[in-house]
Amino acid sequence: MTEQGANKITMIITHNNTSSAIAEAAEELVDDYVIKPFQASSLVERIQVLIQRKMFPPRYIEEIRIGKQLLLENDFH
């Protein structure tokens with residue numbers, strides 16, 4: 001994943017809440033999956049959480065990003 005890709009936030013807003021749709025979104029690296037209807041305040045809160053998570057990822061997530069980038073660069077050390 002490029003640095004630019006790590007900074008993108010992807011959110012799906014839909015009325016489809018089936019397990020298969022949610023699983024498919026997870027496979028596509030979607031950051032959040034919001035089911036309609038929702039309140040604007042809850043959407044704002046979720047976006048704020050996503051931004052925080054992107055700006056200050058847990059160490060585990062940061063290590064995964066580093067590993068993915070190394071794989072893309074064929075650096076297997």
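Biologist: Which residues make the nonpolar surface patch of about 470 Å²?

Modeller: I9, I47, I51, M55 and F56 make it. A patch takes residues with over 30% relative accessible area and no salt bridge, joining nonpolar side chains (Val, Leu, Ile, Met, Phe, Trp, Tyr) within 5 Å and like charges within 9 Å. Areas come from the Shrake-Rupley method with a 1.4 Å probe, and for residues only the protein chains shown count as cover. Before we go on: this is a predicted model, where local features need pLDDT of at least 70 and side-chain atom pairs count only at pLDDT 80 or more, while totals for chains, interfaces and linings use all residues. Residues are numbered from 1 along each chain as its sequence is written, and side-chain values use heavy atoms, with hydrogens and water left out.

Biologist: Take I51 from that patch. Where is I51 placed?

Modeller: I51 is in helix 3. Helices (H or I, at least four residues) and strands (E, at least two) are DSSP runs, numbered from the N terminus. I51 has a relative accessible area of 37%, so we call it partly exposed. The scale is: buried under 20%, exposed over 50%, partly exposed in between (1.4 Å probe, protein chains only).

Biologist: How many salt bridges are there?

Modeller: Side chains of opposite charge can pair when their charged atoms come close. The rule asks for a side-chain nitrogen of Lys or Arg within 4 Å of a carboxyl oxygen of Asp or Glu. That gives four salt bridges here. One of them joins K54 and D31, at 3.5 Å from N to O. That pair links distant parts of the chain, 23 residues apart: K54 sits in helix 3 (residues 40–55), and D31 in the loop between helix 2 (19–27) and strand 2 (32–35). K54 is buried at 17%, whereas D31 is partly exposed at 26%.

Biologist: What does D32 form a salt bridge with?

Modeller: With R46, and their closest N and O atoms are 2.7 Å apart. D32 lies in strand 2 and R46 in helix 3, so the bridge ties together parts 14 residues apart in sequence. D32 is buried, with 13% relative accessibility, but R46 is partly exposed at 32%. R46 also touches Y33 and V34 besides D32, leaving out residues up to four places away in sequence; contact means heavy atoms within 4.5 Å.

Biologist: And how many residues apart are E62 and R65?

Modeller: Three, both in helix 4 (residues 59–72), which means about one helical turn separates them. Their side chains meet in a salt bridge at 3.6 Å, N to O. E62 is partly exposed at 26%, while R65 is buried at 18%.

Biologist: Do strand 1 and strand 2 run parallel or antiparallel?

Modeller: Parallel, with four bridges joining strand 1 (residues 11–14) to strand 2. Two strands pair if DSSP finds at least two bridges between them. T14 stands opposite I35 in strand 2. The chain goes from strand 1 through helix 2 to strand 2, a right-handed β-α-β crossover. To check the hand, point the strands away from you: right-handed means that the path from the first strand over the helix to the second runs clockwise.

Biologist: Which peptide bond is cis?

Modeller: The one from K36 to P37, with omega near -10 degrees. P37 is in the loop between strand 2 and helix 3. For another backbone angle, look at L29: its phi is positive, about 65 degrees, although L29 is not a glycine. L29 lies in the loop between helix 2 and strand 2 and is exposed at 51%.
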